[in-house]
There are 2 protein chains.
Amino acid sequence: MTRMLEAGRGIATGEVKAVARAERVPVEFVRRGVAAGRIVVLRKGESVLGIGEGLRAKVNANIGTSPDYDEPGEEMAKLRAAVGAGADTVMDLSIGGDPYAMLARVLKESPVPVGSVPVYSAFIGAMRGKRRLSDVSGDEMLESVARHLEMGASFVTVHAAITRRGVELARGRVLKVVSRGGCFLSSWMIQNGLENPLYENFGYIIELAKEHDAAISIGDALRPGAISDSGDAAMLHELKLQGRLARIAFSEGVGIICEGPGHMPMGGIAENVRLQKRVCHGAPYYVLGPLVTDIAAGHDHVAGAIGGAIAAAAGADFLCVVTPSEHLALPTAEDVAEGVVASRIAAHAADIARRGRSGPDLEMSRARWRLDWERQLRLALDGRRAAEYRRRRSTGSRACSMCGEFCAYGIAGRAMGR
Amino acid sequence: MTRMLEAGRGIATGEVKAVARAERVPVEFVRRGVAAGRIVVLRKGESVLGIGEGLRAKVNANIGTSPDYDEPGEEMAKLRAAVGAGADTVMDLSIGGDPYAMLARVLKESPVPVGSVPVYSAFIGAMRGKRRLSDVSGDEMLESVARHLEMGASFVTVHAAITRRGVELARGRVLKVVSRGGCFLSSWMIQNGLENPLYENFGYIIELAKEHDAAISIGDALRPGAISDSGDAAMLHELKLQGRLARIAFSEGVGIICEGPGHMPMGGIAENVRLQKRVCHGAPYYVLGPLVTDIAAGHDHVAGAIGGAIAAAAGADFLCVVTPSEHLALPTAEDVAEGVVASRIAAHAADIARRGRSGPDLEMSRARWRLDWERQLRLALDGRRAAEYRRRRSTGSRACSMCGEFCAYGIAGRAMGR
């Protein structure tokens with residue numbers, strides 16, 4: 001009996017109540033959302049997280065080793081940095097060293113729900129064992145999904161909506177395939193002349209998810225990696241298949257998440273969110289950015305925050321962090337934290353727009369008027385950073401060093417009453 | 001004969017042609033825009049800059065001393081940092097030491113158009129001479145405008161649209177008045193029981209602008225400084241008066257810029273831009289942010305980039321940089337550069353949305369597919385920063401350290417042809 005089926009029978013479980021409490025929405029709203037697949041519930045130990053329509057937009061941070069930097073200790077530091085900066089979930093995308101050992105470590109130490117991409121383990125394991133990418137069997141791919149779920153991943157990304165047809169449609173692109181899982185699978189399909197095993201066996205994947213009551217995140221293997229590829233036939237083809245797979249999952253009572261772009265011009269984002277929601281039957285929408293320009297390397301967290309805010313305001317539910325080192329290098333712990341805060345700003349800005357929740361903003365403004373710095377630093381999304389800036393130019397004055405004696409709050413306060 | 005009047009007579013001057021060339025739009029488009037007041041032309045030496053409808057959104061960086069950090073050398077470093085990071089204009093907002101000396105230095109060394117806020121000089125000068133704020137005369141305020149224009153400011157902010165009525169309307173706010181000029185003037189009006197001399201003598205200010213063919217930027221003295229104050233009666237009252245003043249300026253053939261918020265929820269920004277443009281007869285719109293949340297201290301450049309991108313996509317023409325130290329401290333040169341890049345990302349993202357100009361993005365995506373790093377770093381908005389990230393984890397490999405041997409461009413390139 002999955003959460004979705006239980007909710008469908010009218011049962012408001014402890015988890016549903018916990019989500020309602022955390023989000024300050026009625027229990028019945030959450031129960032209905034879970035029953036309809038509009039809300040998924042992720043769990044990690046005592047931590048329960050709702051993602052979906054009408055809830056606060058959530059933020060995921062990616063961590064994980066790479067072949068060039070296989071330093072598990074550094075990845076654990078990133079986990080702590082991400083959680084410390086306020087990430088709601090983390091995904092372990094390790095492709096260096098032993099991905100299973102790394103996932104086990106992340107699962108053990110993470111206080112927040114953990115997602116993973118099982119198919120990486122299948123391909124990386126084979127290729128490291130000197131087998132060719134095309135030698136990986138469909139069974140190995142499915143086994144990797146089973147194993148990640150058994151290990152306790154709260155959600156797993158499965159690139160089940162990329163098919164041979166989708167790959168053909170992507171051939172005309174500037175950046176054909178930019179998703180790691182997508183490029184493994186498209187190469188596998190091209191080299192073997194076979195259909196994607198994750199697509200053909202999606203029913204089995206849903207059975208596995210049902211067994212563990214975990215969520216499947218339907219990957220966006222053909223997400224556009226360039227503004228000029230955005231909204232093309234390959235992207236729309238995969239979206240259509242995501243919708244079909246969503247229907248299969250829902251018919252079995254399994255909650256899913258659908259992943260989306262990628263790189264996308266600002267003007268197309270709101271429309272994309274509405275389309276995705278409609279095609280995928282209201283399933284929670286997880287966006288990777290979107291990045292609103294291709295030329296922000298070194299500052300892609302800013303480009304991602306712009307796209308993420310617009311997406312979340314239009315209804316996207318889950319923002320994947322983009323770090324400042326995106327497109328350039330494996331991020332450091334500091335980069336991850338920087339990215340998490342940028343995404344949280346986007347999510348919160350959207351929350352003000354979509355749910356009218358500006359309570360902390362009002363408190364902050366009151367604290368500013370009173371020049372109450374202690375409270376300002378406590379209310380800031382990143383109080384530690386705010387404190388650093390304040391300290392760096394400390395003058396001992398109540399005003400900040402921008403205006404000093406000519407502080408607007410001071411002058412207007414005296415003239416208009418504090 | 002001002003630029004606006006000349007353009008109105010059908011003359012396409014060298015400046016108009018230079019703007020058309022830089023923006024890749026027809027000369028006639030620029031001429032008509034200038035004639036109608038929809039485009040202003042700013043000049044600094046040989047550097048000619050168009051701001052307004054149908055042109056690339058521009059970015060202004062603020063620099064200037066404060067009473068607590070009166071270090072002209074540091075401000076000159078900020079000027080270089082701002083220009084180096086790609087700011088289209090700088091405003092000198094010095095309120096420490098001798099503001100005239102500082103402005104002279106900035107005007108001498110800046111390669112880009114320089115804006116200033118004359119009324120600061122009047123108030124700061126008086127208060128530093130132990131006179132009270134309320135002792136400053138209207139004539140002194142007007143003299144400061146004349147002097148800044150004589151010194152060669154390309155545009156000056158004049159807080160002419162804040163009146164006694166506006167101040168009364170702002171009394172109910174959480175953060176009554178947050179603009180420095182606005183708080184000087186509102187306190188002056190309250191203490192003297194008199195109307196704003198800049199409002200009452202706007203015709204004279206326009207005469208001065210005409211004499212120097214400089215642009216007047218009508219300040220947003222009552223710009224909301226809190227999400228909860230956004231869109232209130234005080235803001236709308238000032239906007240209405242900006243529209244009246246715009247009409248006076250246009251009737252004299254003087255180009256203006258209108259300044260806007262401030263702090264504003266995402267959902268209200270596009271509507272605000274449309275309203276501002278309508279009320280102000282299409283005058284170029286200069287936004288200070290807008291900041292889409294109040295709790296991003298330490299990362300306000302990100303909150304400002306979100307708001308700025310949305311504003312510019314909706315038609316705002318000029319984005320004022322918000323630095324990461326906003327609300328906390330006088331920024332450093334590094335903060336200014338960080339803010340400039342964030343605003344340029346916002347402006348460029350909006351440009352893709354509003355003018356379909358994604359040429360450099362396409363080139364960047366092509367360079368990515370070829371793993372041509374030299375070209376990627378050259379195309380990046382901040383190539384220096386991008387190079388730092390790439391170098392930090394340098395592996396000698398063509399791929400980046402994120403995926404190494406499992407680089408999607410590499411794998412997909414082999415399978416699908418490069």
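Glu28(B) is partly exposed, with a relative accessible area of 37%; the classes used here are buried for under 20% relative accessible area, exposed for over 50% and partly exposed in between, with a 1.4 Å probe and protein chains only. Its partner Arg31(B), by contrast, counts as buried at 12% relative accessibility. The two side chains meet in a salt bridge, 2.5 Å from N to O, a term that requires a side-chain nitrogen of Lys or Arg within 4 Å of a carboxyl oxygen of Asp or Glu. Both residues belong to helix H3 (residues 27-36) of chain B, where they stand three residues apart, about one turn of the helix. Helices (H or I, at least four residues) and strands (E, at least two) are DSSP runs numbered from the N terminus.

The model is predicted: local features need pLDDT of at least 70, side-chain atom pairs count only at pLDDT 80 or more, and totals for chains, interfaces and linings use all residues. Residues are numbered from 1 along each chain as its sequence is written, chains are lettered from A and ligands numbered from 1 in the order in which they are written, and side-chain values use heavy atoms, with hydrogens and water left out.

**Salt bridges**

Side chains of opposite charge can pair when their charged atoms come close. Over all chains, the count comes to 52 salt bridges. The table gives some of them.

| Residue pair | N to O distance |
|---|---|
| Glu28(B) and Arg31(B) | 2.5 Å |
| Lys78(B) and Glu75(B) | 2.9 Å |
| Arg132(B) and Asp135(B) | 3.5 Å |
| Asp335(A) and Arg392(B) | 2.5 Å |

Lys78(B) and Glu75(B) are three residues apart in helix H4 (residues 72-84) of chain B, separated by about one helical turn, and both are buried. In the pair of Arg132(B) and Asp135(B), Arg132(B) is exposed, with a relative accessible area of 58%, whereas Asp135(B) is partly exposed at 35%. In chain A, a network of salt bridges links Arg3(A), Glu15(A), Arg43(A) and Asp213(A).

**The interface of chain A and chain B**

The size of an interface is often given as the accessible area lost when the parts come together. Here the area buried between chain A and chain B is about 8700 Å², of which carbon and sulfur atoms give 69%; buried area is the accessible area (1.4 Å probe) that two parts lose on being put together, summed over both. In chain A, the residues that lose the most area to chain B are Ile295(A), Arg393(A) and Phe406(A), which together account for 10% of what that side buries. In terms of contact (heavy atoms within 4.5 Å), 105 residues of chain A meet 105 residues of chain B.

Four salt bridges are found across this interface, and Asp335(A) forms a salt bridge with Arg392(B). The interface also holds 28 residue pairs in polar contact, both residues being at pLDDT 80 or more. A polar contact is a pair of N or O atoms within 3.5 Å; within protein, one must be able to donate a hydrogen and the other to accept it, and residues adjacent in sequence count only if both atoms are side-chain atoms. Helix H15 (residues 333-355) of chain A supplies the largest share of the side of chain A that touches chain B, with 11 residues. The residues of that side divide into 64 nonpolar, 22 polar and 19 charged, where Ala, Val, Leu, Ile, Met, Phe, Trp, Tyr, Cys and Pro count as nonpolar, Asp, Glu, Lys and Arg as charged, and the others, Gly among them, as polar.

**Aromatic pairs**

There are 12 aromatic pairs over all chains. Rings of Phe, Tyr and Trp (its six-membered ring) pair if their centres lie within 6.5 Å; planes under 30 degrees apart count as stacked, over 60 as edge-to-face and the rest as tilted. Phe123(B) and Phe184(B) are stacked, at 5.1 Å centre to centre and with 15° between the planes. Phe123(B) lies in helix H6 (residues 118-128) and Phe184(B) in helix H9 (residues 180-192) of chain B, so their pairing ties together parts 61 residues apart in sequence. Both rings belong to buried residues. One aromatic cluster is formed by Tyr120(A), Phe123(A), Phe184(A) and Phe406(B).

**Ser94(B)**

Ser94(B) lies in the loop between strand E4 (89-92) and helix H5 (99-109) of chain B and is buried, with a relative accessible area of 4%. Its side chain reaches the backbone nitrogen of Thr65(B) at 3.1 Å, and a polar contact of 2.6 Å joins the side chains of Ser94(B) and Asp92(B).
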